[in-house]
Amino acid sequence: MWTTNEVAADGKSRTGSYTGAVDDRYYPITGNPDGATFAYMKDGTFAVKDKSGKVVQTTTYALSADGNTMTLHNTYHMPDGDVTRVAVFRKEKQAE
C-alpha cells in the first residue's frame, strides 16, 4: 500500500492511496478524481492507466544496496510525446 499527498497545478491539495497485489492487474487509486488505476507488475515495474484505459505512466525503480534510497525512472506518455522524470527517495530514520 502507498499513500501520496500532493498539490496540483491549481494549488488544491489532494490525497490518494492504493492497495493491490504484484499481479499485473490494475486497481483503483482511491481519492483520484480522474479515475486512474495503478498496477504493480511482476517484472518489478509499475504503471498507471487513465479512466479510458490508456497507459499514461510507466515506471522502473531501483533500490540501493543498503535499502535506504529508491530511485524511480518515470515515463509519462503525453499526447505530444513522452516526458521522463527521475525521482529519488531516501528512507528517514524512525524516532526512538
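This report walks through a predicted model of a protein, from its overall build down to single residues.

## The big picture

Let's start with the parts list. The protein has 8 strands and 0 helices, so reading from the N terminus on, you meet β-β-β-β-β-β-β-β. Its C-alpha atoms fill a box of roughly 45 × 30 × 25 Å, taken along the principal axes.

The chain has 96 residues, and 22% of them are buried. As for the outside, the accessible surface comes to about 7,100 Å², with 53% of that belonging to carbon and sulfur atoms. Contacts tell you something about how the chain folds back on itself: among those between residues at least 6 apart in sequence, 4% join residues at least 24 apart.

## The sheet

Six of the strands make an open sheet in the order β3-β4-β5-β6-β7-β8, and the pairing is antiparallel. The edges belong to β3 (27–28) and β8 (81–90); each has a single partner strand, so one side of each is left without a neighbour in the sheet. In general, strands of a sheet pair through backbone hydrogen bonds, either parallel or antiparallel.

## From β5 to β8, pair by pair

Now follow the chain through the later strands. Strand β5 covers residues 46–49 and pairs with β6 in the antiparallel sense over 4 bridges. One of the matched pairs puts Ala47 with its bridge partner Thr58 in β6. The hairpin of β5 and β6 has 5 residues between the strands, and Gly53 takes a positive phi there, near 95°.

Next comes β6, residues 55–63, which is joined to β7 by 7 bridges, with the two running antiparallel. Thr58 turns up again here, standing opposite Thr75 in β7. Thr58 is therefore matched on two sides, with Ala47 in β5 and with Thr75 in β7. Further along, Leu63 has Met70 in β7 as its bridge partner. β6 and β7 also form a hairpin with 5 residues between them, where Gly67 in the turn has a positive phi of about 75°.

The last pair is β7 and β8, which run antiparallel and are joined by 10 bridges. Tyr76 stands opposite Val83 in β8. The hairpin between these two strands passes through 2 residues.

## Inside and outside

What makes up the largest nonpolar core? There are 9 residues in all: Tyr18, Tyr27, Ile29, Ala36, Phe38, Phe46, Val48, Leu72 and Ala87. That fits a broad pattern: in soluble globular proteins, nonpolar side chains tend to be buried together. Leaving aside residues up to four places away in sequence, Ala87 touches Met70, Thr71, Leu72 and Asn74. Leu72 is itself a member of that core.

Not every nonpolar side chain is tucked away, though. Tyr61, Leu63, Met70 and Phe89 form a nonpolar patch on the surface, and together they have about 390 Å² of accessible area. Met70 sits in strand β7, residues 69–78. Its relative accessibility is 30%, so Met70 counts as partly exposed.

## Around β2

Strand β2 spans residues 13–18 and includes Ser17. Is Ser17 buried or exposed? With 18% relative accessibility, Ser17 counts as buried, because the cut-off is under 20%. Ser17 and Tyr27 are 10 residues apart in sequence, and their C-alpha atoms are 11 Å apart in space.

Gly16 is also placed in β2. At 7% relative accessibility, Gly16 counts as buried. Not counting residues up to four places away in sequence, Gly16 touches Trp2, Thr3, Thr4 and Thr30. Gly16 and Pro33 are 17 residues apart in sequence and 9.2 Å apart in space, C-alpha to C-alpha.

## A loop with a twist in its backbone angle

Which residue other than glycine has a positive phi near 65°? That's Asp24, found in the loop between β2 and β3. For background, most residues other than glycine have a negative phi. Asp24 has 37% relative accessibility, so Asp24 counts as partly exposed.

Definitions and conventions
Residues are numbered from 1 along each chain as its sequence is written. This is a predicted model: local features need pLDDT of at least 70, side-chain atom pairs count only at pLDDT 80 or more; totals for chains, interfaces and linings use all residues. Side-chain values use heavy atoms; hydrogens and water are left out. Patches are made of residues with over 30% relative accessible area and no salt bridge: like charges are joined within 9 Å, nonpolar side chains (Val, Leu, Ile, Met, Phe, Trp, Tyr) within 5 Å. Accessible areas come from the Shrake-Rupley method with a 1.4 Å probe; for residues, only the protein chains shown count as cover. A salt bridge is a side-chain nitrogen of Lys or Arg within 4 Å of a carboxyl oxygen of Asp or Glu. Buried means under 20% relative accessible area, exposed over 50%, partly exposed in between (1.4 Å probe, protein chains only). Two strands pair if DSSP finds at least two bridges between them. A nonpolar core is a set of buried Ala, Val, Leu, Ile, Met, Phe, Trp, Tyr and Cys residues joined through side-chain atoms within 4.5 Å. Contact means heavy atoms within 4.5 Å.
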